[in-house]
Amino acid sequence: MQKQSPPKLRIKNLPRFIVFSAISLILIILAIMTLFFLTTKLTETFNAQRQILQTSSTVNTAETNTTKATNSKNIKETLKKNPAAQANDPLADIKSRLRTDDTEGIKVIFLTFDDGPTERTGEVLDLLNTYNVKGTFFTTLHDGESAKAMYNRIVDEGHTLANHTSSHDYSLYNNPDDFYADVDKLDQYQMKITGLEQTSHVFRFPGGSLNANETCALGIVDQGWNYSDWNVSSGDGCADPPPSEVIAQNVINGCHDHDVSVVLCHAELKEQTRAALPTVIETLQDEGYTFLPMENDYTYPRQLQI
Ligand SMILES: [Zn+2]
């Protein structure tokens with residue numbers, strides 16, 4: 001039997017096998033390196049994305065906080081009208097009686113200050129703060145940083161920022177559309193300056209409602225405004241006001257005549273009125289009167305009934 005020679009195939013294919021193995025090894029190494037490279041890149045991308053999201057979240061949180069601060073005044077305004085928020089309000093009963101015009105013996109006073117804000121408004125606000133008394137400011141349109149700061153202080157310190165038209169121009173009563181536009185101009189301005197989404201919608205006609213006319217009165221009420229005149233005058237509306245003692249007595253005596261008093265003052269313009277305010281507040285607080293800021297849904301004295 002002829003002895004078989006060793007298979008030529010093994011010897012013959014050995015270089016191919018080595019080459020094939022080497023190429024395979026290189027390919028495997030390349031594949032591993034590629035995989036490692038891709039994994040590293042993906043990790044870096046993921047981390048970068050996560051960092052962006054975290055930064056974005058921080059920015060969003062900061063923006064949200066800013067928005068919250070800006071809107072806090074609006075929320076305060078909304079809460080005022082929220083029955084749940086009034087549950088712990090010690091004045092809720094008085095306010096409820098004002099809303100239903102059930103006011104016999106209620107002893108409430110609304111201090112109102114017309115025609116500001118001026119550079120003296122800060123003094124009036126400081127004084128009211130001393131006694132923890134809230135008032136109502138029937139402002140006209142004043143620009144300048146000082147006036148703008150005062151619109152904001154009025155709102156921030158819990159007083160009512162009310163509307164007394166932009167221009168205080170009596171001639172506008174002859175053209176109701178111009179008159180409404182003048183009221184709206186101040187409304188928009190007050191919202192812009194204070195950040196309020198809605199103003200108090202408490203209104204006083206320049207010179208009082210008798211100085212206006214029924215068309216304007218009906219129109220303004222139709223647009224959601226509640227207008228108030230006054231039933232107690234401090235007597236400071238004239239060019240040469242009386243001394244502070246007389247003004248104080250005017251207000252105190254006037255308030256004794258009413259269950260609900262709306263006191264007309266120009267304290268931001270008249271030094272005598274500012275000087276009279278401590279006596280007025282101390283005397284009437286001692287006598288059990290409650291000072292309140294005006295709200296849209298109370299009933300107020302009106303010279304012109306519609
Ligand atoms: Zn006025």
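How do α5 and α6 lie relative to each other: roughly parallel, roughly perpendicular or oblique? In this predicted model, helix α5 covers residues 176-194 and helix α6 covers residues 214-222, and the two pack at an angle of about 45°. That angle falls outside the ranges that count as roughly parallel (under 35 degrees) or roughly perpendicular (65 to 115), so α5 and α6 are oblique to each other. Their axes sit 10 Å apart, and the crossing is right-handed. On the α5 side, the contact is made by Pro176, Phe179, Tyr180 and Val183, while α6 brings in Thr215, Cys216, Gly219 and Ile220. Sorted by class, that gives six nonpolar residues, two polar ones and no charged ones.

Another pair of helices can be described in the same terms, since two packed helices are described by the angle between their axes and the distance between the axes. Helix α3 (residues 121-130) packs with helix α4 (residues 145-156) at an angle of about 15°, and here the axes are 10 Å apart. With a cut-off of 35 degrees for roughly parallel, α3 and α4 therefore count as roughly parallel to each other. The crossing of α3 and α4 is left-handed. Thr121, Gly122, Leu125, Asp126 and Asn129 make the contact from α3, and Met150, Arg153 and Ile154 make it from α4. This contact is a mix: three nonpolar, three polar and two charged residues.

Now for the bigger picture of the chain. These helices belong to a chain with eight helices and eight strands. The chain has 306 residues, and 39% of them count as buried. What about contacts along the sequence? Taking the contacts with a separation of 6 or more, 75% come from residues 24 or more positions apart.

Next comes the metal. Which residues coordinate the zinc ion? Asp115 does so through OD, and His164 and His168 each do so through NE2, at 2.1 to 2.2 Å. Written as a spacing pattern, the donor residues run D-x48-H-x3-H in sequence. Are the two histidines buried or exposed, or something in between? His164 has a relative accessible area of 2%, so His164 is buried. His168, with 26%, is partly exposed, because that value lies between the cut-offs of 20% for buried and 50% for exposed.

A few spots in the backbone deserve a look too. Most residues other than glycine have a negative phi, and most peptide bonds are trans. The zinc ligand His168 has a phi near 55°, a positive value in a residue other than glycine. His168 lies in the loop between β3 (160-163) and α5. His201 also has a positive phi, near 60°. The place of His201 is the loop between α5 and β4 (202-203), and at 14% relative accessibility His201 counts as buried. Finally, what kind of peptide bond joins Gly116 and Pro117? That bond is cis, with omega at about -5°. Pro117 is found in the loop between β1 (108-114) and α3.

Note on methods: Residues numbered from 1 in each chain as written. Predicted model: local features only at pLDDT ≥ 70, side-chain atom pairs only at ≥ 80, totals over all residues. Heavy atoms only, no water. Axes fitted to C-alpha atoms, helices over the stretch in contact; angles between N-to-C directions. Helix = DSSP H or I, 4+ residues; strand = E, 2+ residues; numbered from the N terminus. Parallel < 35°, antiparallel > 145°, perpendicular 65-115°, else oblique. Left-handed = near helix turned anticlockwise from the far one by under 90°. Contact = heavy atoms within 4.5 Å. Nonpolar A, V, L, I, M, F, W, Y, C, P; charged D, E, K, R; others polar. Donors = N, O, S within 2.8 Å, 3.2 Å for Na, K, Ca; no water. Buried < 20%, exposed > 50% of the residue type's maximum accessible area, 1.4 Å probe, protein only.
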